[in-house]
Amino acid sequence: MSTIAAHLDDVLSRIARATANAGRPAGSVHLLAVSKTFGADAVREAIAAGQRAFGENYVQESLDKIAALTGETVGGAPLEWHFIGPLQSNKTRPVAAHFDWVHSVDRLKIAERLSAQRPADLPPLQVCLQVNISGEASKSGVAPADVPAVARAVAGLPNLKLRGLMAIPEPEDDPARQRAPFRAVRELFDALRADGLALDTLSMGMSGDLEAAIAEGATMVRIGTAIFGARDYGPRA
């Protein structure tokens, strides 16, 4: 078994334990393997171990990787590519054309561009609103108070399907304190659903806090370091 395959096993075991501890059904939390900064060969190792969904942050790097891995499948199904990084207006067209999901819709303008630029021969682009739940100036995201209005507007756009919310809370080592921002995101999510939006995805939780996120309702956790190892952040496009 490769190192990446072993790490995937460990992460899947953590997810399964956290899901059971939260009293939630087995399989209700999905793993998004964050492959940013790692090459196609590392992704191939994860594919060989059965991982199908991958998260990317950098547009040009991800386009090169997607091209290199064209035709790869898991159980006969094509790979699923999720854009999870900050998205500038001038980069929306290639993301709209090559990705299956965008988790980082942080303003209506980005959603409108993705909607207009999604090729007509592709299914709707699955999107999440990114919520700046900790109010950090350094983070992208919709302010919690603005989420209902932005969510309604995004849900009405053609060529997109609003699936839910994404958040990256301020780092916190204490497991009990980790839960508070995730709980706040879940409460926003629950309020949107109660108001009639058909949402099913809470994208929250990373290598250091996935247990807290799952305890508060995460349906998708974004895990990179615990699978692929430490990253080398060089210049990226």
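**Exercise 1. Work out how much of residues 14-231 is helix and how much is strand, and how far apart the end C-alpha atoms sit.**

Solution. Over residues 14-231, helix takes up 38% of the chain and strand 20%. Now look at the two ends: their C-alpha atoms are 21 Å apart. Keep in mind that you're working with a predicted model. As for where this stretch comes from, an unreviewed UniProt entry lists residues 14-231 as "domain: Alanine racemase N-terminal".

**Exercise 2. Find out how strands S1 and S2 are arranged, and what they make together with H2.**

Solution. Step one: check the direction. S1 and S2 run parallel, and two bridges join them. Step two: pick out a facing pair. Valine 34 stands opposite glycine 55 in S2. Step three: bring in the helix. S1, H2 and S2 build a β-α-β unit, and it's a right-handed one.

**Exercise 3. Follow strand S2 along its residues and on to S5.**

Solution. Start with the side chains of S2, which covers residues 53-56. Ala53 and Gly55 point one way, Phe54 and Glu56 point the other way, and all of them are buried. Next, move across to S5: it runs parallel to S2, and four bridges join the two. Here glycine 55 turns up again, this time opposite histidine 82 in S5.

**Exercise 4. Classify the aromatic pair of phenylalanine 38 and phenylalanine 228, and say which parts of the chain the pair ties together.**

Solution. The structure holds three aromatic pairs. In this one, the ring centres are 5.3 Å apart and the planes make an angle of 25°. Stacked pairs need planes under 30 degrees apart, and this pair is indeed stacked. Now locate the partners: phenylalanine 38 is in the loop between strand S1 (30-34) and helix H2 (40-48), while phenylalanine 228 belongs to helix H9 (residues 225-228), so the pair ties together parts 190 residues apart in sequence. Last step, burial, where the cut-off is under 20% relative accessible area. Phenylalanine 38 comes in at 15%, so it counts as buried. Phenylalanine 228 has 10%, so that ring's residue is buried too.

**Exercise 5. Do the same for phenylalanine 83 and phenylalanine 99.**

Solution. The centres are 5.4 Å apart, with 85° between the planes, and the pair is edge-to-face. For that label, the planes must be over 60 degrees apart. Phenylalanine 83 sits in strand S5 (residues 80-83), and phenylalanine 99 in the loop between helix H4 (92-98) and strand S6 (101-105); that's 16 residues apart, and the pair links distant parts of the chain. Phenylalanine 83 is buried because its relative accessible area is 0%. Phenylalanine 99, at 1%, is buried as well.

Definitions and conventions: Residues numbered from 1 in each chain as written. Predicted model: local features only at pLDDT ≥ 70, side-chain atom pairs only at ≥ 80, totals over all residues. Heavy atoms only, no water. UniProt positions renumbered as here; feature names shortened; annotations may be inferred. Phe/Tyr/Trp six-rings, centres within 6.5 Å; stacked < 30°, edge-to-face > 60°. Buried < 20%, exposed > 50% of the residue type's maximum accessible area, 1.4 Å probe, protein only. Pairing = 2+ DSSP bridges. Right-handed = clockwise from strand over helix to strand, strands pointing away.
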